[in-house]
Amino acid sequence: MPLGERGGWERTESRYCGVETDFSNDVTHLLNFNISTGGFDYILAPLVNPSYRPSLVEGNGVDTQVLPVSGSDLVLSPSQWSSHVVGKISSWIDLDSEDEVLRMDSETTLKQEVAWATHLSLQACLLPTPKGKSCANYARCVNQILQGLTTLQLWLRVPLVKSDGDSVDDTSEGLNDSWELWNSFRLLCEHDSKLSVALDVLSTLPSETSLGRWMGESVRAAILSTDAFLTNARGYPCLSKRHQKLIAGFFDHAAQVVISGKPVHNLQKPLDSNTEGTEKNPLRIYLDYVAYLFQKMESLPEQERIELGYRDFLQAPLQPLMDNLEAQTYETFERDSVKYIQYQRAVEKALVDRVPDEKASELTTVLMVVGAGRGPLVRASLQAAEETDRKLKVYAVEKNPNAVVTLHNLVKMEGWEGIVTIISCDMRFWNAPEQADILVSELLGSFGDNELSPECLDGAQRFLKPDGISIPSSYTSFIQPITASKLYNDVKAHKDLAHFETAYVVKLHSVAKLAPSQSVFTFTHPNFSTKANNQRYKKLQFNLPSDAGSALVHGFAGYFDSVLYKDVHLGIEPTTATPNMFSWFPIFFPLRKPVEVHPGTPLEVHFWRCCGSSKVWYEWSVSSPTPSPMHNTNGRSYWVGL
């Protein structure tokens, strides 16, 4: 039974827990004992007798050999094979052995076992850990196999090891950092999306920052050794706080858990796997603890549930000047009450600064909402006037004729006819009858300036008084390097250059943030300088934490932070993000070729904001530790139209 169904979770949010077993000729009994009796969701089981070696089989040739498999495909139904069995490729194989017979046997066996797993319609197979640091031939053979697979996923088994340099875990077979092993293997396999990683979670864990790297990788399973469990006061298995946090992180990233090893908490007499009986599976206590960990996770907030479908889903950014937004888009933005509360606070402070209390009944403040949409900023501004007891005259400027229809109905319905004047026009070309005290806009994109707020406000500031106030008064973009294996593979699947040179709006989830974000471009309004120029260039240098280990940079996450007025801010930059605001997801700038970065070696990045007569675009590149090609030269793939 899925872990979640034990605690009333929705099925779509559930996770599964398997158990690693030894080879058995009686796969039906193996399934009954571990699933019907043990309560596990699936078995991770060898498909072929471990004593099998092709070179020792007598016969006229490889084609005449009969594999000593764990059971005919007929002993289980197709749905049982598919749902309850993950194949385990023979652990003895060593495709990089110097022993030619062993190497040839390994290659033959690997291909035979994967072919058998495909025949059984298994969903996944576990590949054994590479035997040494060199795994080129193993990866070559796996890559050949991957080319022919359609639905079968391959999980490469990798121990979760990262030494500090002095000590090396005995089980790691001399590995300093198992991420390096995984990285070289997946690079040799060309980032194939059907290749994932299954991590052996041992009793000791690497540092927090080192573990964080794996959250951006395609981890499909955490194989939890019984040796990793501690014993609580009642004699039952439990995990350390760090192990608990790690498993919760894997649950959050849709990884499955597999219990592996012999029971080390003997709470009842163990059952011999060859005898009949209904005695409890000795590994059941570990499963119960994993289920407990899953059930005690906090359920997602409602907004997070709504956004589940957007996690790691690439979306093209809006083109607000070229395209008119649809009603559904307006409605999504208008539901974000937090954003409009911040705008209302900013307008309140601006009104109080603009008109002293003693003149509140005499002076009328002229406020222009440029890009009024369907009126949420108009409403927020009028509420601010009511709260501060200030008189207001509002111009609502909107270029979308469809939104203007809604605005007219809103004004009529609310009785704002004497206060609000609706202007159906592009703010850049409107000739205002009077100058404004306050200019209010919500033209910000995920990267701050990527929806052309600078160009729009430059065009609109001519009808702002010399001492007038712009809300927002400034905004800054930020980037940070990330590992994002899923996003990279989704871009790569398009098999063209253009998608690697496009910035995407995406709710980042399965990513590893490798270094703190840094500011890129800042724009301030109003900007009455005669030399005003919206082109920008910034060189940035990021350093990975020394204990993190190496990492692969698939691209950059982009954010913004905006000062609406004085101390009222709005933004999505992780360290200062406005709580509970959902109008903006981060932006993602991919790299055509991921860059491997090592601690102590800075990552040097260049970003440009370029302006043409009809469009604005970004260009970006990495210059160190290895130079990348220039991305999006002349806006050839991605731009925002003026």
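## Helix crossing, annotated domains and enclosed spaces

Helices α7 and α8 cross in a right-handed sense. In this predicted model, α7 covers residues 241-252 and α8 covers residues 284-295, and the two pack at an angle of about 70° with their axes 10 Å apart. Because angles of 65 to 115 degrees count as roughly perpendicular, α7 is described as roughly perpendicular to α8.

### Annotated domains

Two domain features come from the UniProt record, and in each case the entry is unreviewed. The record places "domain: PRMT5 arginine-N-methyltransferase" at residues 303-471, and it lists "domain: PRMT5 oligomerisation" for residues 474-640. The table sets out the secondary structure of each span, together with the separation of its end C-alpha atoms.

| Residues | Helix | Strand | Distance between end C-alpha atoms |
|---|---|---|---|
| 303-471 | 38% helix | 20% strand | 27 Å |
| 474-640 | 5% helix | 47% strand | 21 Å |

### The largest pocket

Which residues lie closest to the centre of the largest pocket? The pocket has a volume of about 1,200 Å³, and of the 49 residues that line it, those closest to its centre are L318, L325, T329, F333 and E451. Several elements contribute to this lining, since α9 (302-306), α10 (327-334), α11 (337-354) and β12 (391-398) each supply at least two of its residues. The largest share comes from α10, which provides 6 residues of the lining of the largest pocket. Sorted by class, the lining of this pocket consists of 25 nonpolar, 12 polar and 12 charged residues.

### The largest cavity

Apart from the pocket, there are cavities to consider, and the structure holds 3 of them with a volume of 30 Å³ or more. The largest cavity encloses about 50 Å³ of space. Which residues line the largest cavity? Its lining is made up of W182, R186, H191, D192, L195, S218, S485 and N489. Two helices, α5 (178-188) and α15 (485-492), each supply at least two residues of that lining. By class, the residues around the largest cavity divide into 2 nonpolar, 4 polar and 2 charged.

Notes: Residues are numbered from 1 along each chain as its sequence is written. This is a predicted model: local features need pLDDT of at least 70, side-chain atom pairs count only at pLDDT 80 or more; totals for chains, interfaces and linings use all residues. Side-chain values use heavy atoms; hydrogens and water are left out. UniProt positions are given in the numbering used here, feature names are shortened, and annotations may be inferred rather than shown by experiment. Helices (H or I, at least four residues) and strands (E, at least two) are DSSP runs, numbered from the N terminus. On a 1 Å grid over the protein atoms alone, a cavity is a set of points where a 1.4 Å probe fits but cannot get out, and a pocket is an open set with protein on both sides within 12 Å along at least five of seven lines; lining residues have an atom within 4 Å of a point. Grid points are joined across faces, edges and corners, and a volume is the space filled by probe spheres set on the points. Ala, Val, Leu, Ile, Met, Phe, Trp, Tyr, Cys and Pro count as nonpolar, Asp, Glu, Lys and Arg as charged, and the others, Gly among them, as polar. Axes are lines fitted to C-alpha atoms, for helices over the stretch in contact, and angles run from 0 to 180 degrees between N-to-C directions. Angles under 35 degrees count as roughly parallel, over 145 as roughly antiparallel, 65 to 115 as roughly perpendicular and the rest as oblique. A crossing is left-handed if the near helix is turned anticlockwise from the far one by less than a right angle, and right-handed if clockwise.
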